[in-house]
Amino acid sequence: MTDKDLQKGKRQFEHFQVIDYFRFIVPSTLGILLFMVPITYNDEITIPVALMAGVLESLLYDKLPLTVTIILLLVAIVSIWATSVKSRRFTTNSFLNNLFVIHPAWVFVRVIGFILAFMTLYKIGPEWIWSENTGGLLLFDLIPLLFTIFLFAGIFLPLLLNFGLLELLGTLLDKIMKPLFTLPGRSSIDCLASWMGDGTIGVLLTNTQYEEGFYTKREAAVISTTFSVVSITFSIVILTYMKLQSYFMSYYFAIVISSFVAALILPRIPPLSRKPDTYVIENKQMEQTDYLSGKERLSFGMIKALERAKANNSFGFTMKSGLKNVVDMWFGVLPVVMAFGTIAVIIAETTTVFEIIGAPFIPILHLLQVPEATEAAQTMVLGFADMFLPAVIGRGIESELTRFVIASVSVTQLIYMSEVGGILLASKLPVHFLDLIVIFLLRTLITLPIIAGIAHIVF
């Protein structure tokens, strides 16, 4: 874009009407309030979307496991039929085609997800499949929460995505995000939504933006595995469970610093650095803004935001977009989370696999002078199965320093198969299972020394 183009763009302000500013300001403000403004409810910090999800979950808690199991059954049956028959009804509808006409391996995963949910719901088969620490943890604790979060996050996400907020923030923050994290400015909102709400919200946001051509494959992979951070709410839950509430400021400082360093390093090394910088679709809305000054950047960002808001003048289309997000996450993600999450937790609870895998961390923890290193070692890898498992296993450790390290590391690892990991594999994002293993280990190795250093200062 030349200076002449920019001047032409500035003159476009004259063509915007009051209603265009209204379309930009009101939905975007609502989106910020719902996804990023913390509120206090029952002495806990949360955000409106997470609060609504939690309230609905508590109201429908007894019915949600059965409801989800029925959904998983329908998804498995329709996926088998659609993938094998490839009916014209599915192949001519891009949404249904992407949702149900899938690779046979993913059909198998969806079937396994239903079988595990059914066995857990009715306590059929060995107890190690459906106990409260394995299948029960997924079906009765995690899945109901995801079900309600997907409902509200999916419906309200268009407020953040479709009315110009990302266009404005993306333009303004480009100068910061690119040199630091090799990412476009609009990715900052994915991080904020995760931080204040839930990592799953960040993944959903990133996946939607990726499919619309706003992120390259590399950018989407980096954002989803580096910026879909654990929420403040869950961080507090972990700390409380570890009986370290009085150390919250030091704890969260350790999380922020170590996560920041990881976000600087990971995009610049494999496997993330090897992802291609190509888009899944061509997006004509993408513009280069590197050369713009501060005032020019603000003006250009506002123009792009108002143009996006003006183009999105259909309430019906917005609602339809939101409902599609909900159905996509309910049908596409829940079966995968149930399948992979349950299997991972079963392995953690019934075998010594994670103890064996965690053994190499014993000398590292000794080197970092972390007490009770042998007991703490397996917690360094348990988080790959479920984010809460390190706290469950590490709670009995006597050393407060060690519990502090476990609590902090478990929050910075991000890749949990029972939640974010399963969602990433179920999404269209260009991240594979092997990628998740490598990224999880790299995040652990990068953040552990930083957190241990801070822990020694605190204790």
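**Exercise 1. Helix α3**

Determine which residues of α3 are buried in this predicted model, and test the span of the helix against its expected value.

*Solution.* Begin with burial: in α3, the buried residues are Pro48, Val49, Leu51, Ala53, Leu56 and Glu57. Next, take the extent of the helix, which comprises 13 residues, 48-60. The expected span is 1.5 Å times one less than the number of residues, so α3 should span 18 Å. Finally, compare this with the model: the end C-alpha atoms are 18 Å apart, in agreement with the expectation.

**Exercise 2. Helix α13**

Establish how many residues of helix α13 are buried, and state what follows for its surroundings.

*Solution.* The criterion for a buried residue is a relative accessible area under 20%. In α13, the residues that count as buried are Arg218, Glu219, Ala220, Ala221, Val222, Ile223, Ser224, Thr225 and Thr226. The helix runs over residues 217-226, and nine of its 10 residues are buried; therefore α13 is largely enclosed by the rest of the structure.

**Exercise 3. The second largest pocket**

Describe the volume of the second largest pocket, the residues that line it and the helices that contribute to the lining.

*Solution.* The volume comes first: the second largest pocket holds about 620 Å³ of space. Its lining consists of 21 residues, and those nearest the centre are Thr208, Glu211, Glu212, Lys324 and Asn325. Sorted by class, the lining has six nonpolar, eight polar and seven charged residues. Turning to secondary structure, at least two lining residues come from each of α6 (94-100), α12 (199-211) and α17 (315-332). Of the contributors, α17 gives the most, with seven residues.

**Exercise 4. Asn325**

Locate Asn325, decide whether Asn325 is buried or exposed, and identify its contacts.

*Solution.* Asn325 belongs to helix α17. Its relative accessibility is 12%, so Asn325 counts as buried. With residues up to four places away in sequence left out, Asn325 touches Gly154, Leu157, Pro158 and Thr208. With Gly154 there is a polar contact: the side chain of Asn325 reaches the backbone oxygen of Gly154 at 3.4 Å. Both Asn325 and Thr208 are also among the residues that lie nearest the centre of the second largest pocket.

**Exercise 5. Backbone geometry in loops**

Examine the backbone at Thr182, at Leu414 and at the bond between Pro270 and Pro271, and place each site in its loop.

*Solution.* Thr182 is not a glycine, yet its phi is positive, at about 60°. Thr182 is in the loop between α10 (165-181) and α11 (188-196). With a relative accessible area of 21%, Thr182 is partly exposed.

Leu414, also not a glycine, has a positive phi of about 70°. The loop between α24 (400-412) and α25 (420-426) contains Leu414. Because its relative accessibility is 3%, Leu414 counts as buried.

The peptide bond joining Pro270 and Pro271 is cis, with omega about 5°. Pro271 lies in the loop between α15 (248-265) and α16 (294-311).

**Exercise 6. Glu355 and Ala377**

Characterise Glu355 and give the separation of its C-alpha atom from that of Ala377.

*Solution.* Glu355 is placed in helix α19, residues 353-358. At 44% relative accessibility, Glu355 counts as partly exposed. Along the chain, Glu355 and Ala377 are 22 residues apart, and their C-alpha atoms are separated by 7.5 Å.

Methods. Residues are numbered from 1 along each chain as its sequence is written. This is a predicted model: local features need pLDDT of at least 70, side-chain atom pairs count only at pLDDT 80 or more; totals for chains, interfaces and linings use all residues. Side-chain values use heavy atoms; hydrogens and water are left out. On a 1 Å grid over the protein atoms alone, a cavity is a set of points where a 1.4 Å probe fits but cannot get out, and a pocket is an open set with protein on both sides within 12 Å along at least five of seven lines; lining residues have an atom within 4 Å of a point. Grid points are joined across faces, edges and corners, and a volume is the space filled by probe spheres set on the points. Helices (H or I, at least four residues) and strands (E, at least two) are DSSP runs, numbered from the N terminus. Ala, Val, Leu, Ile, Met, Phe, Trp, Tyr, Cys and Pro count as nonpolar, Asp, Glu, Lys and Arg as charged, and the others, Gly among them, as polar. Buried means under 20% relative accessible area, exposed over 50%, partly exposed in between (1.4 Å probe, protein chains only). A polar contact is a pair of N or O atoms within 3.5 Å; within protein, one must be able to donate a hydrogen and the other to accept it, and residues adjacent in sequence count only if both atoms are side-chain atoms. Contact means heavy atoms within 4.5 Å.
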